[in-house]
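Thank you for making room for this on the agenda. Please have the sequence and the model open while I talk, and stop me if you lose your place.

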Amino acid sequence: MSLPTLKNDVFLRALMREPVPYTPLWLMRQAGRYLPEYNQTRARAGSFMALAQNPELACEVTLQPLQRFDLDAAILFSDILTVPHAMGLGLDFLEGEGPRFARPLRTEGDVEKLAVPDMSRLQYVFDAVALIRRELAGKAPLIGFAGSPWTIGCYMVEGQGSDDYRLIKGMLYSRPDLLHRVLEINAQATTLYLNAQIDAGAQAVMVFDSWGGVLADGLFQEFSLAYTRKVVQGLTRWHDGRAVPVIVFTKGGGQWLEEIAACGCDAVGLDWTVNLGRARQRTADSVAFQGNLDPMALFGGESAIRAQARRVMDDFGPVQQGGHVFNLGHGISRYTPPEAVSILTDEVHRYSVSKHSA
Ligand code: CP3
């Protein structure tokens, strides 16, 4: 069965730095707890994992933000930790505490037993992708995603979120050989996982290196970027007659921008500490950028939201080609008033039209 044609490809064109009529936008974590309808569906599912593993419900929450707001892309509802869960680490989300693994990697024996999982264990994700594509009916493109090998490694070794990354950095400094084995397996698994999402219908993919920025210079390149590069270089870049753009987002990675931009990706996601105009200069416009409004700006009230959104677009500068996808610099806060998102989408679309026709 062939899929409906895409009615809004502004996001995909901007990522490939092709001409676009306005700046497209979507928001990291756009389907989530700041939306009452998300909380209702999640309550019906019973738990985060039950929601993520049910393709019908995952599809429902993926579409919720697009029903409410004028967004230019949908992102698959899932989590970066589905991959280590498929490796047998036993993922659970405790109420109010975030993710936790029952069997984290703590010993040499744990690392030796680790293997690339059979992708059939992640079939629920690929089923969700296919279903979402059908239900989207060409309204907007669908983004697939995965965590970077380093970022999922953090959770696999720490067993949960961390303030200091003591356990994984302890492994990095004492037994780099063990950590390299973990990261190599993660890179292979992530490549297979993203390619299966593309096969199932994901029209762009994003690699979240949320914790790359906690590494020392030199070690970021060796333990995070090298493995992200392996993933990017193994991805299917053309599917169904069109390019599949790849976005790499390293939170706190601004000082390594030139190196990240050279990993083979089409676009780099930036947090709010980086000036978009200077980012363009530093990379000689060789990639597109996605970002980078501080998510907390959405708590500033209408005039501040509009002014800060314009500042981000003005920082990017003149738009001859595409090259800018508006987003937040990290995930939207669960406490964000939904009206703030309506104001933001209105300002980005309204203000950017003049920049593109100039
Ligand atoms: O962006 C989207 O709308 C798509 C869905 C998505 C989720 N997680 C759903 C989710 C995406 C892209 C992710 C990625 C993810 N997950 C990252 C990378 C992005 C980032 O924020 O840096 C990371 C580090 C995780 C791991 C994770 N998942 C944590 C730390 C938590 C708990 C803390 C938190 O922010 O809520 C989750 C849970 C999670 N994943 C929720 C959602 C909507 C909230 C949980 C719930 O509904 O109970």
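Let me begin with what packs over helix α9, keeping in mind that this is a predicted model. The cover over the buried residues of α9 includes α8 (149-158), α10 (176-200) and α11 (219-233). Those buried residues, within a helix that runs over residues 166-174, are I168, K169, M171 and L172. They lie on the same side of α9, because the arc they cover around the axis is only 155°. On the other side of α9 we find R166, G170, Y173 and S174, which are exposed. In the background here is the general point that an α-helix has 3.6 residues a turn, so residues three or four places apart point the same way.

One of the helices in that cover, α8, also holds T151, and I would like to stay with this residue for a moment. T151 counts as buried because 26 other C-beta atoms lie within 10 Å, the threshold for that class being 20 or more. Leaving aside neighbours within four places in sequence, T151 is in contact with I80 and with F208, D209, S210, W211 and G212. By contrast, T151 and D9, which are 142 residues apart along the chain, have their C-alpha atoms separated by 30 Å.

Two of those names, F208 and S210, come up again at the ligand: among the 21 residues around the ligand, the ones that come nearest are A31, G32, G98, F208 and S210. Sorted by class, the shell around the ligand is made of 11 nonpolar, six polar and four charged residues.

Turning to the interior, the largest nonpolar core has 115 residues, and those with the most contacts inside it are L76, I143, V205 and V248. The element that gives the most to this core is α10, with nine residues. As for I143, once neighbours within four places in sequence are set aside, its contacts are A73, A74, I75 and L76, together with A202, A204, V205 and M206.

How does this look for the chain as a whole? There are 15 helices and 11 strands, and 49% of the 358 residues count as buried. Of the contacts with a separation of 6 or more, 73% are between residues 24 or more positions apart. The C-alpha trace spans about 60 × 45 × 40 Å along its principal axes. A compact globule of 358 residues would have a radius of gyration near 21 Å, and the 19 Å of this chain agrees with that.

Towards the end of the sequence, Y351 sits in helix α15, residues 338-357. Y351 is partly exposed, with 16 other C-beta atoms within 10 Å, and beyond the residues up to four places away in sequence it touches R310 and M313.

Finally, there are some backbone details that I would ask you to look at in the model. The peptide bond joining G291 and N292 is cis, with omega about -5°, and N292 belongs to strand β10, residues 288-293. R29, although not a glycine, has a positive phi of about 65°; R29 is in the loop between α1 (10-15) and α2 (36-45). D285 is likewise not a glycine and has a positive phi, of about 55°, and its place is in the loop between α13 (276-282) and β10. With 13 C-beta neighbours inside 10 Å, D285 counts as partly exposed.

Definitions and conventions: Residues are numbered from 1 along each chain as its sequence is written. This is a predicted model: local features need pLDDT of at least 70, side-chain atom pairs count only at pLDDT 80 or more; totals for chains, interfaces and linings use all residues. A residue is buried if 20 or more other C-beta atoms lie within 10 Å of its own, exposed if 12 or fewer, and partly exposed in between; C-beta atoms are placed from the backbone. Helices (H or I, at least four residues) and strands (E, at least two) are DSSP runs, numbered from the N terminus. The arc is that of the directions from the helix axis to the C-beta atoms. Two residues are in contact if their C-beta atoms, placed from the backbone, lie within 7 Å. The radius of gyration is taken over C-alpha atoms; the globule rule is 2.2 Å times the number of residues to the power 0.38. A nonpolar core is a set of buried Ala, Val, Leu, Ile, Met, Phe, Trp, Tyr and Cys residues joined through C-beta atoms within 7 Å. A residue is near a molecule or strand if its C-beta atom, placed from the backbone, lies within 6 Å of it. Ala, Val, Leu, Ile, Met, Phe, Trp, Tyr, Cys and Pro count as nonpolar, Asp, Glu, Lys and Arg as charged, and the others, Gly among them, as polar.
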